[in-house]
2 protein chains.
Amino acid sequence: MSMQAPYGLRIIEDCLSCPLREERIFCDLPPAGIQKLSAITSSATYPKGAFLFVEGQPPRGVFIICSGRVKLSAASSEGKTMILRIAEAGEIVGLPGTISGEPYEATAEVLEPGQANFIPRELFLRFLKDHGDAALKVAQLLTNIYHVAYQEVRSLGLSRSAAAKLAKFLLEWAGHHPGSQQDENRLTLTLTHEEIAQMIGASRETVTRLFSEFKKKKLVQMKGSSLVISNRPALKILGGA
Amino acid sequence: MSMQAPYGLRIIEDCLSCPLREERIFCDLPPAGIQKLSAITSSATYPKGAFLFVEGQPPRGVFIICSGRVKLSAASSEGKTMILRIAEAGEIVGLPGTISGEPYEATAEVLEPGQANFIPRELFLRFLKDHGDAALKVAQLLTNIYHVAYQEVRSLGLSRSAAAKLAKFLLEWAGHHPGSQQDENRLTLTLTHEEIAQMIGASRETVTRLFSEFKKKKLVQMKGSSLVISNRPALKILGGA
DNA sequence: CGGCCACGGTGACGCGCGTCACGCACAGTT
DNA sequence: AACTGTGCGTGACGCGCGTCACCGTGGCCG
């Protein structure tokens, strides 16, 4: 697992159990419910760079990611873009639009190729209406999505400096994406500086400069794309709260 | 209605029908559901400055606002605070925490005194489990809440200047809180400059300066707390789509 | 009435970070 | 080996806006 398998292979591996992957999300459902659910989902694989949906489209339904990673971003009219979240295997995208019926608010672009299950809107809504516990589960998923948006607001609005935002970002990223084995101070940065900049609302150059500043202050060490937090308390203070 | 009634009176007026106010939110439920729902809600009035809950508390349940207005805000460790949204009559607060079980993420402070119905967490969750359509409705409410958080992220992250954020804010506020009668260009600013600053992530002084700049450029006119958008297209451009 | 406090308005200052402009390293393609 | 594209590192510049400091006003209190 530690060596990089070619993508094609990984997809096949990951998706041997893929048709049932919804169980991971909707696992507390009675078997009959899962049965019904898998009857209305269809699976497909997506190459890197593909768009599951783009900002402004009428909502077609939800995607449950089996493998790969999907970037959710929003763009301004001036070409500036910002990343809201990176969804990974087991997560769901397109949920708010599907529930509300309003156009998708973000663009979902495949970052690492993989497979996803699609459930069309109408069927999904009807299913939820019939299955109270599934609807409740969906409400929980929505609060997760809300939560990361909320964190983003806090980070953008309450930080006094770009350094604070980057510090927060690293700490949160370390919690969410443990690089390898349980070490919570070690993480693998699968994002470019540009993308990090878009996540924390800063410019690419600032991110670069901050990274070298952090290194100089011995807050972090980095080799290639793997990063180690060597002074977590200081980083926490820098993040402010 | 155009004259300001004293608060006490307004509360009494608004709440004559208040015990059934959930109908406004959960109106598509069958009568039996509404019956059950009103059995587990309790009503109370809150003075100005009261806290429905504060950041970090374990979630007790949800509040459905009958009358008055409630400010939802978050504070950083350095004392900086920012406003996430202002909830008004008919809206629900405390929902994400109640659903997820995580501590309340924000602080809810009463801005204008009023009445609210409270539903304790355990009962609420059980109710949702039993009533699929209510759970679906809750999911819709959550997407509303998500939506304003999302707009906030866009505004904070994608705007190139404070002027842009203020312009966006005014346009959105005009849509949501039509001052009086249907005129979508007329709105009543019930917030202080300080509060507006906290909503758009800027300093109080900047807001003051921007307002006088907007006036000078004939984008808006203001008399007391009522504001008229006199050049909506220009404001829209300034906001940057 | 006089005191207090919340709110709004304004000037001066300065620094953080966005922007522009470059140069370098590395990977893939022909 | 040249060509191209993509991501990183770094210097210089400048201005937007946060911060500090102060004042005027109007409402509400005793």
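This report walks through a predicted model, looking at how its two protein chains are arranged and at the surfaces beside its two DNA strands.

## How the two chains relate

Let's start with the symmetry. A turn of 180 degrees, with a shift of 0.0 Å along the axis, lays chain A on chain B with an RMSD of 0.0 Å. The two copies are thus related as by a two-fold rotation axis. Both copies use the same surface, and 100% of the contact residues of chain A recur in chain B.

If you would like a landmark for the axis, try Gly132(A): of the residues of chain A, Gly132(A) comes closest to the rotation axis, with its C-alpha at 1.8 Å.

## Where the chains meet

The contact draws 39 residues from chain A and 39 residues from chain B. On the side of chain A that touches chain B, two or more residues each come from β5 (81-87), α4 (95-100), α5 (121-130) and α6 (132-158) of chain A. The top contributor there is α6(A), which gives 20 residues.

As for chemistry, the side of chain A that touches chain B has 19 nonpolar, 11 polar and nine charged residues.

## Beside DNA strand C

Next come the nucleic acids. Around DNA strand C there are 16 residues, and the closest are Ser161(A), Ser203(A), Thr206(A), Thr192(B) and His193(B). Chain A gives two or more residues to this surface from each of α7 (162-176) and α9, while chain B does so from α8 (193-200) and α9.

The largest share of the surface near DNA strand C belongs to α9(B), with five residues. Sorted by class, the residues near DNA strand C are four nonpolar, seven polar and five charged.

## Beside DNA strand D

DNA strand D has 16 residues around it as well, of which Thr192(A), His193(A), Ser161(B), Ser203(B) and Thr206(B) come nearest. Here α8 (193-200) and α9 (204-216) of chain A, along with α7 (162-176) and α9 (204-216) of chain B, each supply at least two residues.

For the surface near DNA strand D, the largest share is the five residues from α9(A). The class breakdown near DNA strand D is four nonpolar, seven polar and five charged residues.

## Putting the pieces together

Which elements of each chain should you display beside the DNA? For DNA strand C, pick α7 and α9 of chain A with α8 and α9 of chain B; for DNA strand D, pick α8 and α9 of chain A with α7 and α9 of chain B. To view the contact between the chains, α6(A) is a handy place to begin, as the element giving the most to the side of chain A that touches chain B.

How values were computed: Residues numbered from 1 in each chain as written. Chains lettered and ligands numbered in written order. Predicted model: local features only at pLDDT ≥ 70, side-chain atom pairs only at ≥ 80, totals over all residues. Least-squares fit on C-alpha atoms with pLDDT ≥ 70 in both. Contact = placed C-beta atoms within 7 Å. Near = placed C-beta within 6 Å. Helix = DSSP H or I, 4+ residues; strand = E, 2+ residues; numbered from the N terminus. Nonpolar A, V, L, I, M, F, W, Y, C, P; charged D, E, K, R; others polar.
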